[in-house]
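Visitor: Could you take me through one part of this model closely, beginning with its aromatic rings and then working outwards to the elements around them? I would like a careful, connected account.

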Amino acid sequence: MNDAAPAEVLALQGALSFETVPGVLAESARYAERPDLPERLTIDFAAITAVDSSAVALLLEWRRVAQRRGKTLVFVNLPANLLALAKLYGVSELIQTALA
C-alpha cells in the first residue's frame, strides 16, 4: 500500500521580482505547512513574465524547505534570464534539476 501523496504541479504566473517575491514566499510557506504535502512538487515557470535576482533567492529557499521536509522539488520551464542569473551567482547547479 502506498500512502504517499500524489505529485502536484504548481503553475506560477506574472513577475518574480523584489516587489512580488515576499508575497510568493509567504504563500509558499503556508503551502509547505500542509499536512498532505505531496512527495514531489513540480513548479512550472512557463507563465513567468519577468524575473530579477530575488527570484534566484526564492528558488534557493524553496530548495532548502523541500530538503528539510524530505520532498522532491522540480522546476520546469525556467526562463533563460533566470538561468543566466543563477549561473552568474554560481548557483545554477542548485536550481536546475537533473532529468529523470
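Guide: In this predicted model, F45, W62 and F75 are linked into a cluster by ring pairs. The structure holds two aromatic pairs. For F45 and F75, the ring centres lie 5.7 Å apart and the planes stand at 80 degrees, so this pair is edge-to-face, the class for angles over 60 degrees. The pair connects distant parts of the chain, since F45 belongs to strand β2, residues 40-51, while F75 belongs to strand β3, residues 72-76, with their positions 30 residues apart in sequence. Both F45 and F75 are buried.

The other ring pair is that of W62 and F75, whose centres are 6.4 Å apart and whose planes make an angle of 35 degrees, so the pair counts as tilted. The centre distance falls within the 6.5 Å limit for a pair, and the angle is neither under 30 degrees, as stacking would need, nor over 60 degrees, as an edge-to-face pair would need. This pair, too, links distant parts of the chain, with W62 in helix α2, residues 53-69, and F75 in strand β3, 13 residues apart. W62 has a relative accessible area of 8% and is therefore buried, the limit being under 20%. F75 has a relative accessibility of 6%, so F75 is counted as buried by the same limit.

From the rings one can turn to the strands that carry two of them. The sheet is open and has three strands in the order β1-β2-β3, with parallel pairing. Its edge strands are β1, residues 8-16, and β3, each of which pairs on one side only. From one strand to the next, the twist averages 25 degrees. Strands β1 and β2 run parallel and are joined by eight bridges; within this pairing, Q13 has A47 of β2 as its bridge partner.

The helix that carries W62 also packs against helix α1, residues 21-32, where the axes of α1 and α2 are 11 Å apart and meet at an angle of about 10 degrees. Because angles under 35 degrees count as roughly parallel, α1 and α2 are described as roughly parallel to each other. On the α1 side, the contact is made by V21, V24, L25, S28 and A32, and on the α2 side by S54, A55, L58, E61, W62, V65 and R69. W62 therefore takes part both in the tilted ring pair with F75 and in this helix contact. By residue class, the contact of α1 with α2 divides into eight nonpolar, two polar and two charged residues.

Another residue in contact with α2 is S17, which is placed in the loop between β1 and α1. S17 has a relative accessibility of 11%, so S17 counts as buried. When neighbours within four places in sequence are left aside, S17 is in contact with P22, D52 and S54, and S54 is also one of the α2 residues that make the contact with α1.

Helix α2 has a further partner in helix α3, residues 80-88, and here the axes come within 9 Å and cross at roughly 75 degrees. Since that angle lies in the range 65 to 115 degrees, α2 and α3 are roughly perpendicular to each other. The residues making this contact are S53, A55, V56 and L59 of α2 together with L82, L85 and A86 of α3. They divide into six nonpolar, one polar and no charged. A55 is listed in the contact with α3 and also in the contact with α1.

Within helix α3, A86 has a relative accessibility of 0% and so counts as buried. Not counting residues up to four places away in sequence, A86 touches V56, V91, S92 and I95. A86 and L60 are 26 residues apart in sequence, and their C-alpha atoms are 9.8 Å apart in space.

The account can end at the loop between β3 and α3, where N77 is found. N77 has a positive phi of about 55 degrees, although N77 is not a glycine. Its relative accessibility is 49%, so N77 counts as partly exposed, exposed being reserved for values over 50%.

Notes:
Residues numbered from 1 in each chain as written. Predicted model: local features only at pLDDT ≥ 70, side-chain atom pairs only at ≥ 80, totals over all residues. Heavy atoms only, no water. Phe/Tyr/Trp six-rings, centres within 6.5 Å; stacked < 30°, edge-to-face > 60°. Helix = DSSP H or I, 4+ residues; strand = E, 2+ residues; numbered from the N terminus. Buried < 20%, exposed > 50% of the residue type's maximum accessible area, 1.4 Å probe, protein only. Pairing = 2+ DSSP bridges. Axes fitted to C-alpha atoms, helices over the stretch in contact; angles between N-to-C directions. Parallel < 35°, antiparallel > 145°, perpendicular 65-115°, else oblique. Contact = heavy atoms within 4.5 Å. Nonpolar A, V, L, I, M, F, W, Y, C, P; charged D, E, K, R; others polar.
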